[in-house]
Amino acid sequence: MTAPRGPRLIDELSADLEPVRRPLREDAASALWLAAAWCVVVALAWLSGPFRPGFAGQLIDAPRFALESALGLALGVAAVVGAFSLATPGGRSRGTLWALLIVTVAWVGLLAIGLFAPALAPSSLGMRSGCNIQTLLFSLVPLGAGFWALRRRAVLNRRLAGFCLGAAAGSLPALVMQWACMYDPAHAFMAHLGPGALVAIAGALLGPRLLPRL
């Protein structure tokens, strides 16, 4: 007497199945990406030329400059957590995206205030030739690594996840250039934040193309 077709079919279909490793939690994945991305971006910036003389002392002596830097750091954190939350069913994406919006408005707004009342005296000290190109190039490795990580997860909104990842990857070198390059709010908007925003737009365009459809 032959075995029932149902159980035999199940056995045949499951014979070649292999266990799948569960991806890291969104917090752990975000922290790992941030640590690796910061190491890469800072190393590339350091190898490409010296940082602005005295920038560390400026962070201590100028509270508004320190606040600008803190908001830039917070933007990168909120953006990458948002990207991984959108790739995690049941993740807290809504709250994270609101945090990203608030931090972005605060950072850009504070820098805009600097156009009329700068946190530091504008100076060409430390000016880097091609800092805008460097901002774009330094974001490529974090952006590529982030897309590789997101492809292994269940991305619910590919365009928005790509935008968040691009915002995170672009904000890192944009912030580092605030320490490595000259300080001037107008220059920061054009040569640092501008290229960082382009990376965010590129992430949004690449998301639907590079991330698998569910």
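This is a dialogue on how to read some features of a predicted model.

Me: Where should I begin, and which secondary structure does the protein have?

Reply: A plain start is to list the helices and strands, and in this predicted model the protein has 9 helices and 0 strands, so that the pattern along the sequence reads α-α-α-α-α-α-α-α-α.

Me: How many residues does the protein have, and what share of them is buried?

Reply: Burial is read from relative accessible area, and a residue counts as buried when that value is under 20%. Of the 214 residues in the protein, 43% are buried. The protein exposes about 11500 Å², and carbon and sulfur atoms supply 70% of that area.

Me: What do the contacts say about residues that are separated in sequence?

Reply: Here one looks at contacts between residues at least 6 apart in sequence, and in this protein 85% of those contacts join residues at least 24 apart.

Me: Is Ser171 buried or exposed, and which residues does it touch?

Reply: One takes the relative accessible area and compares it with the cut-off. Ser171, which has its place in helix 8, is buried because its relative accessible area is 6%, and the cut-off for buried is under 20%. Leaving aside residues up to four places away in sequence, Ser171 touches Leu75 and Gly76. A polar atom of the Ser171 side chain also lies 3.0 Å from the backbone oxygen of Ala168.

Me: Why is Arg151 called partly exposed?

Reply: Partly exposed is the class between buried, under 20%, and exposed, over 50%. Arg151 belongs to it because its relative accessible area is 47%. This residue lies in helix 7, which covers residues 140-151, and its side chain reaches the backbone oxygen of Leu210 at 2.3 Å. Not counting residues up to four places away in sequence, Arg151 touches Leu210, Leu211 and Pro212. From C-alpha to C-alpha, Arg151 and Gly207 are 9.8 Å apart in space, while 56 residues separate them in sequence.

Me: How should I read a pocket, and which residues are closest to the centre of the second largest one?

Reply: One can take the volume, then the lining, and then the kinds of residue in that lining. The second largest pocket holds about 340 Å³ of space. It is lined by 17 residues, of which Leu75, Thr104, Phe163, Ala167 and Ala200 are the closest to its centre. The elements that give two or more residues to this lining are helix 5 (93-113), helix 8 (158-180) and helix 9 (185-210). By kind, the lining residues of the second largest pocket are 13 nonpolar and 4 polar, with no charged residues.

Key
Residues numbered from 1 in each chain as written. Predicted model: local features only at pLDDT ≥ 70, side-chain atom pairs only at ≥ 80, totals over all residues. Heavy atoms only, no water. 1 Å grid on protein atoms, 1.4 Å probe; cavity = no way out; pocket = protein on both sides within 12 Å on 5 of 7 lines; lining within 4 Å. Points joined across faces, edges and corners; volume = space filled by probe spheres on them. Helix = DSSP H or I, 4+ residues; strand = E, 2+ residues; numbered from the N terminus. Nonpolar A, V, L, I, M, F, W, Y, C, P; charged D, E, K, R; others polar. Buried < 20%, exposed > 50% of the residue type's maximum accessible area, 1.4 Å probe, protein only. Polar contact = N/O pair within 3.5 Å; in protein donor to acceptor, adjacent residues only side chain to side chain. Contact = heavy atoms within 4.5 Å. Areas by Shrake-Rupley, 256 points an atom, 1.4 Å probe, with all protein chains shown as cover.
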